[in-house]
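The exercises below are meant to be worked with the sequence and the coordinates at hand. Each one sets a task and is followed by a solution that goes step by step.

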Amino acid sequence: SQHMARLAKDYLGHLYGEDRNRRVWAVPGRLTAMLRGFWGLNALMTDHNLRDQDTPTKSRDDHRHHAVDAFVIACNDRGMLQRIATASGRAEDLDLDRWAERGKFPEPFEGYREALRAKLDTMVVSHKPDHGIGPDARGNVQVTSGQLHEGTAYGLVDAEIDGKPFNLVTRKPIAALTEKEIGQVRDARLREELEEVAYEAKRDGEKLETALARFGDARGIRRVRVLKTEKYTVRISHGEGHFEKAYVPGSNHRIEIYETPDGRWRGEGVSVFDANRSSFEPRWPAEHPGAELRLRLHKGDTFSADFGEGRKHYIVRKLSPANNRIEFVSDHQAGKVDSSGYMQAAYSKLKTAGARRVGVDPIGRVRPVEER
């Protein structure tokens, strides 16, 4: 942090030439932390029941802690820096928080805590969405938001095991099979033998991988054909179009949530692969004539909704079109959040909450996004 502060100071100093040292200076991080504590700002973003009890350190789980630091720096000047340096020099054998008594430290202005608290309560954090479609910032490179499809290539088949249909097949090392995959081995006789091997391994407390490897070595089998079912696949031609392979699409690029004439909100997931095809058209306009698009949400998008606590802003973290829902966190939430901590909402709940996608510029100004 100190190194970056020096670089920023030197960079901004070029605006003022020889006057740079008087016009631009960097505030030490320890000073910022100390002022934040003296002015009782660490508790402003805590639960309202604890706001009168200042905490010893700031919480980094809320993006707004950067705004608090910015407020402290804005209330700083060279005179205050000099007074603190002088006082701390006289008490260098004590902790920095000890050289002034709480309540006797000069405040930046009257009512500063209430003013800052009011700003924090209405602040909307700006998150930059990455839709990954189209040219980059220079306008000359096509970029994507993720892997177009999974790496495994599948053959196209029309097979059935115990009445269950399968449309894909691939070859897999015999020792890497799971119990579920053993039940999907295409060769019926081999499937029965492998099921017996798995049963005996489980009975004898042996690792399945070890038992399968021993069986494969004894029979001279290294890889087996395993069936799989996927509703949506990506078809790619190889060998100048002489044969075709299927791939499982990559992650979801977005969810298009639309309202059908009966007033119900439904959704269709669009894969990264489809989103990057110039000829792609979603299915829902043809399947539901008269339906209208209500929300087009990507991972990282900001949307506003009222889930019973007033209208607030949220960031999309996970798209789950198979479950007809999205998962999200507050726009204030910082740091890594385990998926178990995500909030969830089905499409119907989003409609009830009046959800709408919004754009937030770098200084927090909110504007509605027109869905097309």
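## Overall inventory

The protein has 12 helices and 14 strands, and the model examined here is a predicted one.

**Exercise 1.** Determine what share of the residues in the protein is buried, and characterise its contacts and its accessible surface.

*Solution.* Begin with burial: counting a residue as buried when its relative accessible area is under 20%, one finds that buried residues make up 36% of the 372 residues. Next, take the contacts between residues at least 6 apart in sequence; of these, 56% join residues at least 24 apart. Finally, the accessible surface comes to about 23,600 Å², and carbon and sulfur atoms account for 47% of that area.

## Two helices and their buried sides

**Exercise 2.** Compare the span of helix α9 with the expected one, then establish which of its residues are buried, which are exposed, and what the buried ones pack against.

*Solution.* Step one concerns the length: α9 comprises the 12 residues 208-219, and the distance from its first C-alpha to its last is 17 Å, close to the 16 Å expected at 1.5 Å a residue. Step two is to list the buried residues of α9, which are Ala211, Leu212, Phe215 and Gly216. Because these residues cover an arc of only 130 degrees around the axis, they lie on the same side of α9. The general rule behind such a pattern is that an α-helix has 3.6 residues a turn, so residues three or four places apart point the same way. Step three turns to the other side of α9, where Glu209, Asp217 and Ala218 are exposed. Step four identifies the packing partners of the buried residues, namely α7 (179-182) and α8 (188-204). As a last step, look just past the end of α9, where Gly220 takes a positive phi of about 70 degrees.

**Exercise 3.** Repeat the burial analysis for helix α6, residues 112-122.

*Solution.* The buried residues of α6 are Tyr112, Leu116 and Leu120. They cover an arc of only 60 degrees around the axis, which means that they sit on the same side of α6. On the other side of α6, Glu114 and Thr122 are exposed. The contacts then show that the buried residues of α6 pack against α4 (65-74).

## Strand pairing

**Exercise 4.** Trace the pairing from β1 through β2 to β3, and find the bridge partners of Leu168.

*Solution.* First, strand β1 (residues 155-161) and strand β2 (residues 164-173) run antiparallel and are joined by 5 bridges. The hairpin that they form has 2 residues between the strands, and within this hairpin Asp162 takes a positive phi near 50 degrees. Second, β2 also pairs with strand β3 (residues 223-228), again in the antiparallel sense, over 6 bridges. Third, follow Leu168 in β2: Leu156 has it as bridge partner, while in β3 the bridge partner of Leu168 is Lys228.

**Exercise 5.** Work out in what order the strands β6, β7 and β8 form their sheet, and which of them stand at the edges.

*Solution.* The 3 strands form an open sheet in the order β7-β6-β8, with antiparallel pairing. Since β7 (265-271) and β8 (292-297) each have a single partner strand, they stand at the edges, and one side of each is left without a neighbour in the sheet. From one strand to the next the twist averages 25 degrees. To inspect one pairing, take strand β6 (residues 252-259), which is joined to β8 by 5 bridges; here Tyr258 stands opposite Leu293 in β8.

Note on methods
Residues are numbered from 1 along each chain as its sequence is written. This is a predicted model: local features need pLDDT of at least 70, side-chain atom pairs count only at pLDDT 80 or more; totals for chains, interfaces and linings use all residues. Side-chain values use heavy atoms; hydrogens and water are left out. Helices (H or I, at least four residues) and strands (E, at least two) are DSSP runs, numbered from the N terminus. The expected span of a helix is 1.5 Å times one less than its number of residues. Buried means under 20% relative accessible area, exposed over 50%, partly exposed in between (1.4 Å probe, protein chains only). The arc is that of the directions from the helix axis to the C-beta atoms. Contact means heavy atoms within 4.5 Å. Two strands pair if DSSP finds at least two bridges between them. Axes are lines fitted to C-alpha atoms, for helices over the stretch in contact, and angles run from 0 to 180 degrees between N-to-C directions. Accessible areas come from the Shrake-Rupley method with a 1.4 Å probe; for residues, only the protein chains shown count as cover.
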